[in-house]
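Work through the following exercises with the model open beside you, and try each task before reading its solution.

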Amino acid sequence: MSTTSTATASRITPGSILLYGILILLALFFLMPAYMAVVTALKPPAEIDLSTAWELPSKFHWSSFYDALTLLKSNIVSSIILTVCATTLSTILGSLNGYVFSKWKFKGSELVFTLFLFGMFIPYQVILIPLFQTLRAMNLYGGLPGLILAHVVYGLPITSLIFRNFYTQIPTALIESARLDGAGFFSIYTRIVFPLSIPGFVVTSLWQVTQVWNEFLWGICLTRHADNPITVGLAQLAGGQAVSWNLPMAGSIMAAAPVLLIYIFLGRYFIRGLLAGSVKE
Amino acid sequence: MREASRDRLKAFLTLLPSIILIGIFVYGFIGNTIWISMTDWGGDGALALKPEMNFIGLDNYRDLFTGFLSSGFRQDLVNAVYYSVMLLAGAIGIGMFIAILLDQKPKGEDVLRTIFLYPMALSFIVSGTIWRWLLAPQGGVNVLPTYLGLPPLNFEWTSSTKAVLEFNWQNLLQIFLYIVAFVLILIGLWALKKRPCRAIKFWLGPGVVIGAFAWLGGSMLPEALFMEENHGFNLATLGIIIATIWQYSGYTMALYLAGFHGISQDLRDAAMLDGASSTSYYRHVAIPMLKPITISAVIILSHISLKMFDIIFAMTGPDNAQTGHPALTMYMTTFRANDFAKGAAIAIVLFMVAAMFIVPYVVSQYRQRTRG
């Protein structure tokens with residue numbers, strides 16, 4: 001590959017043909033599932049056949065979306081309530097924690113932070129049974145409040161991490177001078193740190209919205225039918241034996257839409273959250 | 001000064017609720033699951049508010065690894081190992097490859113990046129549902145060659161019963177020792193440059209000794225089972241692996257791309273002036289510099305592959321034995337069969353495997369932070 005700088009990339013060379021060829025093939029592979037979902041969702045059930053699965057529908061048939069929406073309506077409502085509450089609470093707590101971890105370090109605070117981080121990497125199966133028992137004992141099993149609690153607690157490691165890394169960029173001198181001017185712990189937060197946090201809140205909320213909206217294991221283990229989130233609803237819609245594929249595909253598109261829209265319109269923040277999630281210091 | 005100490009107290013009190021929550025919900029719960037895994041909690045009265053539980057020690061674990069009826073779990077565990085290795089190799093390999101291509105600054109880089117990363121925004125249930133349709137027998141991917149005038153594939157992506165790379169579970173102990181030896185030697189080689197003395201004493205030496213012992217004395221080791229039991233890489237899991245690689249290679253791409261952009265243009269120009277080709281620039285300069293990124297990608301992907309549940313659930317349903325995974329078996333055993341103790345034991349096995357990666361990583365991060 002001889003195309004190393006922008007100047008040579010625009011010239012047509014065997015190297016650049018190869019480069020674009022591979023990229024286009026890869027792009028087609030990555031878009032293949034999206035194409036299949038859209039095409040299948042738009043076909044009338046009678047037209048769905050394995051051998052013609054790749055072909056475009058003869059005419060667009062929108063009612064699959066309407067049918068899927070009717071079936072998934074209560075799941076979507078649950079997911080919206082769940083996502084909004086869990087995201088709000090866990091970002092606020094994460095912001096306060098990040099403020100302490102970055103600007104009010106005490107003896108052993110790094111150790112506490114590390115113990116927090118560990119919670120991010122455990123396979124959630126390991127806490128599932130006690131979580132189930134505890135929520136049952138607290139009378140929170142089966143409904144949304146229990147699920148929100150779980151998402152807030154297990155969201156704390158990542159939200160604290162993102163805010164801690166974000167607040168480290170605020171110069172300590174700024175905090176010091178505010179302290180000399182007589183500002184205390186909370187007034188420094190409300191007057192200096194919080195107003196500077198908007199990008200941090202955007203990144204953290206997008207990350208949390210994605211995680212909570214897409215989560216499945218807790219949804220299926222901790223909620224009863226009436227409060228199932230969208231992922232559980234979709235799994236039930238697609239899980240039957242004789243499924244007509246237009247419904248699950250339309251349902252998939254609807255379950256994916258909110259997060260995909262965030263990704264397309266706020267991609268920069270989405271990627272920042274993604275990178276922050278990989279414990280980059 | 002009194003003002004300052006009151007502020008410190010406020011800071012600590014702000015953190016306290018989170019400390020308590022994490023303490024209970026992470027560490028307390030892990031301890032509780034360990035305890036449950038050593039009881040006989042299960043059966044008819046399992047869902048009672050005060051279920052009857054008796055301590056039975058490590059019987060659940062012994063049963064999972066050597067019991068006659070648990071061969072399904074052992075196959076799941078083997079699936080999980082192959083699954084992790086292939087997901088790591090695939091997602092890191094393809095992600096790095098795409099990142100290098102995009103680092104050439106082709107036209108439309110933004111659009112391409114968006115295309116490669118969008119699967120990451122999807123829920124596993126969504127991607128699993130779509131891939132299940134794509135990998136349907138006699139449909140989807142299998143009919144693609146016919147558009148090029150070729151005969152269709154007839155591979156059974158998620159329902160094949162063939163297995164390759166089989167081994168005998170009777171030799172469990174020997175295999176385990178080989179793995180331990182391999183890991184020790186690997187860590188030793190990695191540490192050799194920094195602290196040669198320690199590396200040889202703590203990692204390389206024991207690794208070679210254990211490996212040699214397993215090789216020479218393998219036949220003397222006790223056998224795990226009284227009869228042969230072969231497990232291998234199930235071809236049915238291939239479809240699930242491809243779907244997961246599709247979903248996660250964009251993520252590793254984003255990591256590497258950010259890393260490549262972080263390398264200064266000066267360094268790159270210097271390498272080029274010294275006569276390095278593009279290939280050797282990436283091989284000898286860029287990729288070695290991004291070792292921290294590779295390590296975090298390995299940690300995160302192994303964590304994901306170990307808790308892998310949703311995508312398998314969506315692609316093959318919970319009842320397909322061929323594509324089983326301990327994360328899924330844990331759910332089935334606990335919440336469908338009400339065998340809580342066995343489910344807890346499976347969860348702890350998963351946790352132990354995960355901890356092998358995570359603990360060293362988190363500890364080294366901690367050391368870096370306290371030093372810097």
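**Exercise 1. A charged pair in one helix**

Is B:E109 buried or exposed?

*Solution.* The model is predicted, so local features are described only where pLDDT is at least 70, side-chain atom pairs count only at pLDDT 80 or more, and totals for chains, interfaces and linings use all residues. Residues are numbered from 1 along each chain as its sequence is written, chains are lettered from A and ligands numbered from 1 in the order in which they are written, and side-chain values use heavy atoms, with hydrogens and water left out.

Begin with the scale: a residue is buried under 20% relative accessible area, exposed over 50% and partly exposed in between, using a 1.4 Å probe and protein chains only. B:E109 has a relative accessible area of 12% and is therefore buried, whereas B:R113, at 25%, is partly exposed. Next, look at the pair together: B:R113 and B:E109 form a salt bridge with their closest N and O atoms 3.7 Å apart, where a salt bridge is a side-chain nitrogen of Lys or Arg within 4 Å of a carboxyl oxygen of Asp or Glu. Both residues belong to helix 4 of chain B and lie four residues apart, which is about one turn of the helix; helices here are DSSP runs of H or I with at least four residues, strands are runs of E with at least two, and both are numbered from the N terminus.

**Exercise 2. A network of salt bridges**

Which residues are joined into one network by salt bridges that share partners?

*Solution.* The network consists of A:K105, A:E110, A:R164 and B:R369. Take A:E110 as the starting point, which is buried at 12% relative accessibility. Its side chain meets that of A:K105 in a salt bridge of 3.4 Å, N to O, and A:K105 is partly exposed at 41%. The side chain of A:E110 also meets that of B:R369, at 2.9 Å, N to O. Between chain B and chain A the count is one salt bridge, while over all chains it comes to 10.

**Exercise 3. The interface**

How many residues of chain B are in contact with chain A, and what area is buried between the two chains?

*Solution.* Count first: 100 residues of chain B are in contact with 101 residues of chain A, contact meaning heavy atoms within 4.5 Å. Then turn to the area, which is about 9,300 Å², with carbon and sulfur atoms giving 77% of it; buried area is the accessible area (1.4 Å probe) that two parts lose on being put together, summed over both. Of the area that chain B buries against chain A, B:F25, B:W133 and B:R369 supply 9%, more than any other three residues.

Finally, examine one helix pair across the interface. The axes of helix 5 of chain A and helix 14 of chain B (residues 340-371) come within 7 Å and cross at roughly 145°; these axes are lines fitted to C-alpha atoms over the stretch in contact, and angles run from 0 to 180 degrees between N-to-C directions. On the chain A side the contact includes A:I129 and A:F132, which belong to a group that meets residues of helix 14 including B:F340 and B:F351.

**Exercise 4. Positive phi in the loops**

Where is A:N139 found, and what is its phi?

*Solution.* A:N139 is found in the loop between helix 5 (125-137) and helix 6 (144-167) of chain A, and its phi is positive, about 65°, although it is not a glycine. Most residues other than glycine have a negative phi. A:N139 is exposed, with a relative accessible area of 72%.

Now compare B:K105, a residue other than glycine whose phi is near 55°, in the loop between helix 3 (71-102) and helix 4 (109-117) of chain B. B:K105 is partly exposed at 36%, and forms a salt bridge with B:D103, the closest N and O atoms being 3.8 Å apart. B:D103 is buried, with a relative accessible area of 2%.

**Exercise 5. A buried histidine**

Which residues are in contact with B:H325, leaving aside its neighbours within four places in sequence?

*Solution.* Locate B:H325 in the loop between helix 12 (310-316) and helix 13 (326-336) of chain B, where its relative accessibility of 1% makes it buried. Its contacts beyond those neighbours are B:D76, B:A80, B:S305, B:L306, B:M308 and B:I312.
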